[in-house]
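Here's a quick briefing on how a few helices pack against each other. Have the structure open while you read.

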Amino acid sequence: MYLEKPVPPSTDKRWRIVDATMRRNGHQGHALIETLHSIQETFGYLEPEGLRYVAHSLKVPLSQVYGAATFYHFFTMKPPGRHTCVVCTGTACYIKGAPQLIAAIEEKYGIKPGETTEDGELSLITARCVGSCSIAPVAVFDKDVVGKLRPAGMAERAERCCQHVS
Ligand code: FES
C-alpha cells in the first residue's frame, strides 16, 4: 500500500478540479467513477499518470481503476494524435466563443471534436471547464493553457503545437 501522500501528476491547475471531486467524497473508493468523469471532463481523456494518482488518492488498486476506465465506453484513454488540442466548452468559454474556436480547427484540419487528423498529428477534444474561466475562451495545446483565444489565433496556435516535436 502507499505510504507517502499522493501528488498530482503535474502542476496543471486542472488537477485542483479533480482533487475537489475526491475531497467532496472524502477520498473514498466509491468516488472512483465520479473522479474519472471529472478527469475526463477537465482534461478530455484519461491518461496513465492520472489513473495512478486516482488509485493512490482513493486507495483503490490500480487494476480496479484501469478496469473502470476501460469498461465504460464514455471514458477515453489518451487520444491517438501526437499532439492534442483540448477546447474548453464550459459555460464561460462557450459564451466567449468556444464554438468558433472549434470551427476554426474543423476548417483548418478537417476534424471534429473526438477526431484525429489522418496523418495522426493532431487530436481535437473538448472538455468542460479547465479551471481558467477568467481568461476564457481557453484551449490547452498539449500541456499549454492558452486563454483569450480568437479563431485566427486558434488555428495559428494549433499549427505551432503541431510543429513541436513531442
Ligand atoms: S469554462 Fe472554460 S475554463 Fe472555465
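Helices α1 and α2 run roughly antiparallel to each other, because their angle is over 145 degrees (under 35 would count as roughly parallel, 65 to 115 as roughly perpendicular and the rest as oblique). Keep in mind that this is a predicted model: local features need pLDDT of at least 70, side-chain atom pairs count only at pLDDT 80 or more, and totals for chains, interfaces and linings use all residues. Residues are numbered from 1 along each chain as its sequence is written, and side-chain values use heavy atoms, with hydrogens and water left out.

**α1 against α2**

- The two helices pack at an angle of about 160°, with axes 9 Å apart; axes are lines fitted to C-alpha atoms, for helices over the stretch in contact, and angles run from 0 to 180 degrees between N-to-C directions.
- α1 passes α2 in a right-handed crossing, meaning the near helix is turned clockwise from the far one by less than a right angle (anticlockwise would be left-handed).
- On the α1 side, R14, W15, I17, V18, T21, M22 and R24 meet E34, T35, S38, I39, T42 and F43 of α2.
- That contact divides into six nonpolar, four polar and three charged residues (Ala, Val, Leu, Ile, Met, Phe, Trp, Tyr, Cys and Pro count as nonpolar, Asp, Glu, Lys and Arg as charged, and the others, Gly among them, as polar).

**The two faces of α1**

- α1 covers residues 14-24, and its buried residues are R14, W15, V18, D19, T21 and M22; buried means under 20% relative accessible area, exposed over 50%, partly exposed in between (1.4 Å probe, protein chains only).
- These buried residues sit on the same side of α1, because they cover an arc of only 155° around the axis, taken from the directions from the helix axis to the C-beta atoms.
- Turned away from that buried side, the face of α1 carries the exposed residues R16, R23 and R24.
- Cover for the buried residues includes α2 (32-43), α3 (48-58) and β4 (139-141).

**α2 against α3**

- The axes of α2 and α3 come within 11 Å and cross at roughly 145°, and the crossing is right-handed.
- L32, T35, L36 and I39 of α2 make the contact with G50, L51, V54 and L58 of α3.
- By class, this contact has six nonpolar, two polar and no charged residues.

**T42 up close**

- T42 belongs to helix α2 and is buried, with a relative accessible area of 2%.
- Apart from neighbours within four places in sequence, T42 is in contact (heavy atoms within 4.5 Å) with R14, I17, A127, R128, C129 and V130.

Definitions and conventions: Helix = DSSP H or I, 4+ residues; strand = E, 2+ residues; numbered from the N terminus.
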